[in-house]
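Q: I am new to this structure and would like a close look at one part of the surface, followed by a walk from there into the interior. Please take it slowly and explain what each part is made of.

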Amino acid sequence: EHRVSQGHDLVHPAQQLADIGITVENTDVDAPDWKYFAARLYLNQLYKQASRNRFYMTEKKYGDFFGLLETLTQRGVYAQRLLDRYSRDELMLAGSWIDAERDHLLDYIGLRTLAERYLATDKAGEVFELPQERWLVIALHLMSDEAAEHRMEKVQEAYWALSNLYMTVATPTLANAGKTYGQLSSCFEIVVDDSLDGIYNSVHDAASLSKGGGGLGIYAGFIRPRGSDIRGYKGTAGGTIPFLKLFDATAVAVDQLGVRKGAIAVYQDVWHKDIQSFLDLRLNNGDETNRAHNLHPGICIPDLFMERVVSDGDWYLFDPHEVFEAKGWYLQDFHDEKPGNGSFRDRYEELVQDASISRTIVKAKALWKAVLRSQIETGYPYMFYRDTVNRANPNKHEGVIYSSNLCSEIMQNQSPTVQETVHLDDGTDRIIVTKIPGDLVACNLSSVTLGRTGDDDALLERLIRIQVRMLDNVIDLNSLPVAEAQRTNRRYRAVGLGTSGWHHLLALKGIDWESQEAVDFADQLYEKLNYYTIRASNELAVEKGTYPLFRGSEWETGAYFESRGYTSERWQELRRRVQAGGVRNGYMIAIAPTASTSIISGTTAGLDGVTDVYYVEEKKDMKIPVVVPDLNPETYPYYKPAYQQDQSWSILQNAARQRHIDQSQSFNLYLNASEDSQGGGKKAVKLNRWHLEAWRAGLKTTYYVRSQTVMAEDCVWCAS
């Protein structure tokens, strides 16, 4: 009916299947393979539309690749760069590598997501680019500055990795590589300076970065709280909440060219005087003037606070502006160098003992209950364990990690940009603004598709070598609208190689989620991934040079390897190579949630367990049924839904892999809706236990607390 209403010829489904070599007799409507049959039908439509728009015979499936580049460059969709950097012969050679059979790796929802959100169309929205051409354009773009003598070899390797779905690039890279608009980084982290110029400049930077497709993490810990002084006038400051509402409005106002909505996380220290109002930002009741429903709150927690929660001790809230005025330092610039001992608790105790410093005294456990209440009601705040994060920072010689990003997996040095002067240059009639640049973090992400690579050593070694090169090239090819981000990108050359498909891989290998075998496998696999990543970065450093701040880092001193217990001969040899030749990238591994890209690659998202074996994906104009990947009688028992998993096992898995991740991992906690069905606050009790387990196990962050919205009286997992 839809096809008739849109003026299409009505073609019987059996005939559509026959057109692509599938007969009704060899299909099984009860089997999950229907999603690949549906993909064939949709793919056939794309082939026909592309052939009509590009004037070639449908039977060819793919038309002239060089002609596509010329056409979309002339129409302002592709950037001129590809035609300038490569010769016609090179581009025709690249086009000869296109393997249309690899389109069949995509299932229906993956293909539909790729086509509707990422394939290049003309400005009228007509189909031009096809899936293999998107992979090839990305490969060409990311290798365009490589040395001419090996460039095409690298392009072919990158195309191999992408087209086989062994890896995915981040959403902005997938959407924008080779095109005239947008940047390639996923997320950015801004530290807001405690000044009117600092706040409004940060809002402007947030809007500029969001416009290009980046999610944002905002650290608000320097902003003075409500009732602080301004220029010595007591009680005049309005606090952090009114300024955070500016970022809330920005998240709504700045859309990212229809690819995804603007998204901003904000982080606050648990000792900041505004922390209690901050925890209420997302609540649905109370004064709306103190709410910011579009922000994603996170809190920065030192070990000392968790200890006070356990001991039911007092907790002191301070004004960072007052502390700096009185002491000449900021409390957030310190961390405990060892568990239970360090400079943060020393400075904190100094403030407690100084009667001249104003403070608010609360019970640590009462504040903790407010955190748990907010998480149960809203899923927020994220948790950022700042001492653990900074102890593991391989670049602590150059700065501090204050907070994280939108998805809580990026851990890199940060600092605020401070505006010094604004003056009129009479000679040029120009207004000149002078700033001291801070470290504004850019996240350059890509993920290994574990459900397709498995733990195959040879495949992972080959894949990660080209993947790290692609990520490193993003740094130089990126066109970022904020100069501080460009500067920070090149100072640290940070990347975030991650993974998707963890649950998919466990199911394929027949490993129960709730088992020591899964914990041990996480430890072994991520050690292997880390080894190959560091080695690839070392090889790049020998070829192209180290990142500028390598000297004095824990990569150079060897402390990185010592602190993680890498004592085997293989690791010691790599340590010697790193100390001699350096590494190209100051930060290397971060596990992103991969919610969109995992759909395209046909695997499970990030590190999460699946929420159900079968579910319906709702899009703006349709509902699409989805089953978990590779579902069959052998894998079914291992696809236990996340809400029915004991989250303590998830924490143990993440703790095992955290040792091998220099940044962090997007890790959700899942609360079953039945926990409170008999009263007694079971959700809060269980959530409290999980957070204590996560902190004690050395996790750096936790992401959302996801809670079911319907009651499930009985677990039906074994009923089938």
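A: On the surface of this predicted model, a nonpolar patch is formed by Val 422, Leu 424, Ile 431 and Val 433, which together have about 380 Å² of accessible area. Two strands contribute to the patch, for strand E9, residues 418-425, and strand E10, residues 430-436, each supply at least two of its residues. Leu 424, to take one member, is found in strand E9.

From the patch we can turn to the interior, where the largest nonpolar core has 111 residues, and where Trp 502 and Ile 534 are the residues with the most contacts inside that core. Leaving aside residues up to four places away in sequence, Trp 502 touches a varied set of neighbours, among them Leu 450, Trp 513, Phe 521, Leu 525 and Tyr 526, but also Thr 604, Gln 653 and Arg 657. A second core, separate from this one, has 69 residues and includes Phe 344, Val 362, Tyr 385 and Leu 440.

Tyr 385, named in that second core, also belongs to strand E8, residues 382-385, whose side chains can be followed one by one: Tyr 382 and Phe 384 point one way, Met 383 and Tyr 385 point the other way, and all of them are buried. Strand E8 has pairing partners as well. Strand E5, residues 295-301, runs parallel to E8 and is joined to it by four bridges, with Ile 301 standing opposite Tyr 385. Strand E17, residues 701-702, pairs with E8 in the antiparallel sense over two bridges, and here Met 383 stands opposite Thr 702.

Charged side chains give another view of how the chain is held in contact with itself, and the count comes to 40 salt bridges. One of them joins Glu 146 to Lys 544, with the closest N and O atoms 2.8 Å apart. Glu 146 lies in the loop between helix H8 (131-142) and helix H9 (148-163), while Lys 544 lies in helix H23 (residues 516-544), so this pair ties together parts that are 398 residues apart in sequence. The two partners can also be described by their exposure: Glu 146 has a relative accessible area of 4% and is therefore buried, whereas Lys 544, at 31%, counts as partly exposed.

A further salt bridge brings together the side chains of Lys 363 and Asp 314, at 3.5 Å from N to O. This pair, too, links distant parts of the chain, since Lys 363 is in strand E7 (residues 360-363) and Asp 314 in strand E6 (residues 314-317), 49 residues apart. Lys 363 is partly exposed, with a relative accessible area of 40%, and Asp 314 counts as partly exposed at 33%.

Glu 569 and Arg 576 form another salt bridge, in which the closest N and O atoms are 2.7 Å apart. Glu 569 is exposed, with a relative accessible area of 54%, while Arg 576 is partly exposed at 40%. Finally, salt bridges may share partners, and in this way Glu 146, Arg 469, Glu 543 and Lys 544 are joined into one network.

Definitions and conventions. Residues numbered from 1 in each chain as written. Predicted model: local features only at pLDDT ≥ 70, side-chain atom pairs only at ≥ 80, totals over all residues. Heavy atoms only, no water. Patch = residues over 30% accessible without salt bridge, like charges linked within 9 Å, V, L, I, M, F, W, Y side chains within 5 Å. Areas by Shrake-Rupley, 256 points an atom, 1.4 Å probe, with all protein chains shown as cover. Salt bridge = Lys/Arg side-chain N within 4 Å of Asp/Glu carboxyl O. Core = buried A, V, L, I, M, F, W, Y, C linked by side-chain atoms within 4.5 Å. Buried < 20%, exposed > 50% of the residue type's maximum accessible area, 1.4 Å probe, protein only. Contact = heavy atoms within 4.5 Å. Pairing = 2+ DSSP bridges.
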